[in-house]
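Reader: Please present the sequence and the structure first, and then take my questions in order.

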Amino acid sequence: MNKNARSIKMLLLPACFYLVVAQAQEQPQTYGIGRTATAAEIAAWDIDIKPDGKALPPGSGTVAEGEAIYVAQCAVCHGKEGVGGPNDRLVVHSADEPFPDASNEDTWRHRTIGNYWPYATTVFDYIRRSMPMNLPGSLDADEVYALTAYLLHLNHIVPADAEMDAKTLAQVEMPARYRFVPDDRQKYREVH
Amino acid sequence: MTDKRELNVTRRAALVGMAGAAGTVLARTAAGQDVQVSGSNRPVAPDDTTKVLGSRWSSDLGQRSPYEALKRVPSSTLSSSESPLQDLHGTITPADLHFERHHAGVPFIDPEKHKLVIHGMVERPMTFSVSDLLRLPAVSRICFLECSGNLYHDAPEQTTAQLLAGMTSQSEWTGVMLSTLMREVGVSPKSSWFLAEGADAAVLARSIPKQFWDEAMIVYAQNGEAVRPENGYPIRLLNPGCEGNSCVKWLRRMEFSDSPFMTREETSKYTEPVIGEVARQFSLVMDARSIITYPSYPDTIEKGWIEIQGIAWSGRGKITGAEVCTDDGRSWAQAVLQEPVFSKAHVRFRHLFNWDGKDTVIMSRAIDESGYVQPNRAEWIAARGPGSGPYHRNPITGWRLKAGGDVVYRVEEWG
């Protein structure tokens, strides 16, 4: 609504009050509510790591360093070497453990980093944002790189002498990389 | 997948407990109300309430009658609890009975300190306080919210509707349209995804594709009051019709982008293996579903007229029909839908049935405005595979009416 139109409506307000309230109101360009986000507050929370790895922080960690952290902080929930703990199994039983086949009952229970996770960057992102469960957000970048390296090694994806950093982690290709398809259910009227 | 456990006390079981012959004593409820209880702990009401003054006068907060023992059922890991579908009427879920699911506990948030940062592919990165959001134009909408893992996998006969499918609830949500905030920050037309991130200890994050933006809301109220802590206090994302996990609670950050973020919750979780050794991803829409809530386990019934009741819902839009079968799958009849029917919302259906007292199975199926018909279990398994996992399972479920009047869950195998 431009200014002239508004003043005309103001003049005619008593006469056309009901008409005016019945109309859908235009949204202003801005409500002027909220403030500019500071670079510092964005940086403090902007922790997501996409598959391109561009947002990975400086730092690095080796498989061996990761093993020490894993034993101390992760094994109690996820088991020795990522298997047999009370929480999610993280490691494949063998290098050729297949992607879950939905035509076999219960194979969906066997989803680990090695046979199901499509991106190695997600391992870093998730450990950094959520783990360990009793002390979330407590690991520094070097420790997260090291744990990621160790878990990828246990899953037969990187060698025992691997070191992960912003460059090497982004280059890791996961076995399940091309196993995910978009949702197409809504094209169908029957279950799909 | 949620752990399920046996319901210890149901409302009906509590009501069945009769006042004992033993003398009564005064007891104080959790809410501070003095009530007489019998030896069986059942409150004893006056024989004639017109001859004694009321037991309470005005108070600053209402409370349920001590005869109403409505309860959610928490899972063994305490990361979820289910809504008592069999005890509810109409379609609105009382907020304290709304199902919950969280990944690192319920955060304790001071709303005066909470903020929402919106950045990424926007012209003006902005920060909104909760009071900022309260000042922006508000919208209210009644819709369901359902966990995508809302089916008890190995349910035995002794399974309540609550344990079978109690991770769906319905509220009137109030908040700001996402589109309002998008205008304020000037979202780039090249943007096609945004990350929604919570302030919980999981810092739970999901990528939301553009197709859901028109209806998305940032909500701060649930059934007329602030959103409950376990449902996202002080603000959460609401994507009507979409799986609950995508409706990120305790929302603190949104980042607009031109590609998905591939978080753990949209790769290793909340994806479904389907036939062909692939997994379906970003499958946010909840398929049409229904469940009969009366009669259901552990009800007992008598032969004669029964009004079968239940709820039906669909993430694709409005429910256009709910059909009820009372003869173990041979024939279906159109149930009556309670108006008004809202899009992407629970609707209550009712169907009169004159039970002859003989063993039978009753079930329901939902039909939505897209023409989708809720499948039976065999159809579901044929389409997705028996090993598709816990998400987005919406098969028809039934209750067996046993001669004699016991009602139990109709057990079906997945294999």
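The questions and answers below go from the overall form of one chain to its sheet, its contacts and one loop residue.

Author: One remark in advance: this is a predicted model.

Reader: What radius of gyration does chain B have, and what value would a compact globule have?

Author: The C-alpha trace of chain B spans about 70 × 55 × 40 Å along its principal axes. A compact globule with 415 residues would have a radius of gyration near 22 Å, and the value for chain B agrees with this, being 23 Å.

Reader: What share of the contacts in chain B with a separation of 6 or more comes from residues 24 or more positions apart?

Author: Chain B has 5 helices and 26 strands. Of its 415 residues, 47% count as buried. Among the contacts in chain B with a separation of 6 or more, the share from residues 24 or more positions apart is 70%.

Reader: In what order do the strands of the open sheet with mixed pairing follow one another?

Author: The sheet is formed by 6 strands, and its pairing is mixed. One strand, β1, belongs to chain A, and the order is β1(A)-β7(B)-β6(B)-β15(B)-β10(B)-β11(B).

Reader: Which strands stand at the edges of this sheet, and why is one side of each left without a neighbour?

Author: Each edge strand has a single partner strand, so one side of it has no neighbour in the sheet. At one edge, the partner is β7(B), which pairs with β1 of chain A in the antiparallel sense over 2 bridges; there A:Arg35 stands opposite B:Thr127. At the other edge, 5 bridges join β10(B) and β11(B), also in the antiparallel sense. The edge strands are thus β1 of chain A and β11 of chain B.

Reader: Is strand β15 of chain B mostly covered or mostly uncovered, and how many of its 7 residues are buried?

Author: Strand β15 comprises residues 251–257 of chain B. A residue counts as buried if 20 or more other C-beta atoms lie within 10 Å of its own. By that criterion the strand is mostly covered, and the number of buried residues is 5.

Reader: Which residue of β15(B) stands opposite B:Phe194?

Author: β15(B) is joined to β6 of chain B by 4 bridges in a parallel arrangement, and in this pairing B:His119 stands opposite B:Glu255. With β10 of chain B, β15(B) runs antiparallel and is joined by 6 bridges. B:Phe194 has B:Ile208 as its bridge partner in β11(B). In β15(B), the residue opposite B:Phe194 is B:Phe256.

Reader: Which residues touch the most other members of the largest nonpolar core, and which helix gives the largest share of this core?

Author: The largest nonpolar core holds 123 residues, and those that touch the most other members are A:Ala149, B:Ala196 and B:Ile218. The core draws at least three residues from each of domain 1 and domain 2 of chain B. Its largest share is 9 residues, given by helix α8 (residues 141–154) of chain A.

Reader: How do the residues of the side of domain 1 of chain B that touches domain 2 divide into nonpolar, polar and charged?

Author: Chain B is divided into domain 1 (95–280) and domain 2 (289–409), with 28 Å between the centres of the two. Contacts link 25 residues of domain 1 with 24 residues of domain 2. Elements that supply at least two residues each to this side of domain 1 include β8 and β9 of chain B. The division on that side is 14 nonpolar, 9 polar and 2 charged.

Reader: How do the residues of the side of chain B that touches chain A divide?

Author: Here 58 residues of chain B are in contact with 48 residues of chain A. Among the elements of chain B that give two or more residues to this side are β6, β7 and β15. The division is 27 nonpolar, 16 polar and 15 charged.

Reader: Why does B:Phe212 count as partly exposed?

Author: B:Phe212 lies in the loop between β11 and β12 of chain B. Leaving aside neighbours within four places in sequence, B:Phe212 is in contact with B:Asn239, B:Cys242 and B:Leu284. The C-alpha atoms of B:Phe212 and B:Leu284 are separated by 9.3 Å, although the two residues are 72 residues apart along the chain. Burial requires 20 or more other C-beta atoms within 10 Å, and B:Phe212 is partly exposed because its number is 19.

Conventions:
Residues numbered from 1 in each chain as written. Chains lettered and ligands numbered in written order. Predicted model: local features only at pLDDT ≥ 70, side-chain atom pairs only at ≥ 80, totals over all residues. Buried ≥ 20, exposed ≤ 12 C-beta atoms within 10 Å, placed from the backbone. Pairing = 2+ DSSP bridges. Core = buried A, V, L, I, M, F, W, Y, C linked by C-beta atoms within 7 Å. Domains from an automatic or database assignment. Contact = placed C-beta atoms within 7 Å. Nonpolar A, V, L, I, M, F, W, Y, C, P; charged D, E, K, R; others polar. Rg over C-alpha atoms; globule rule 2.2 N^0.38 Å.
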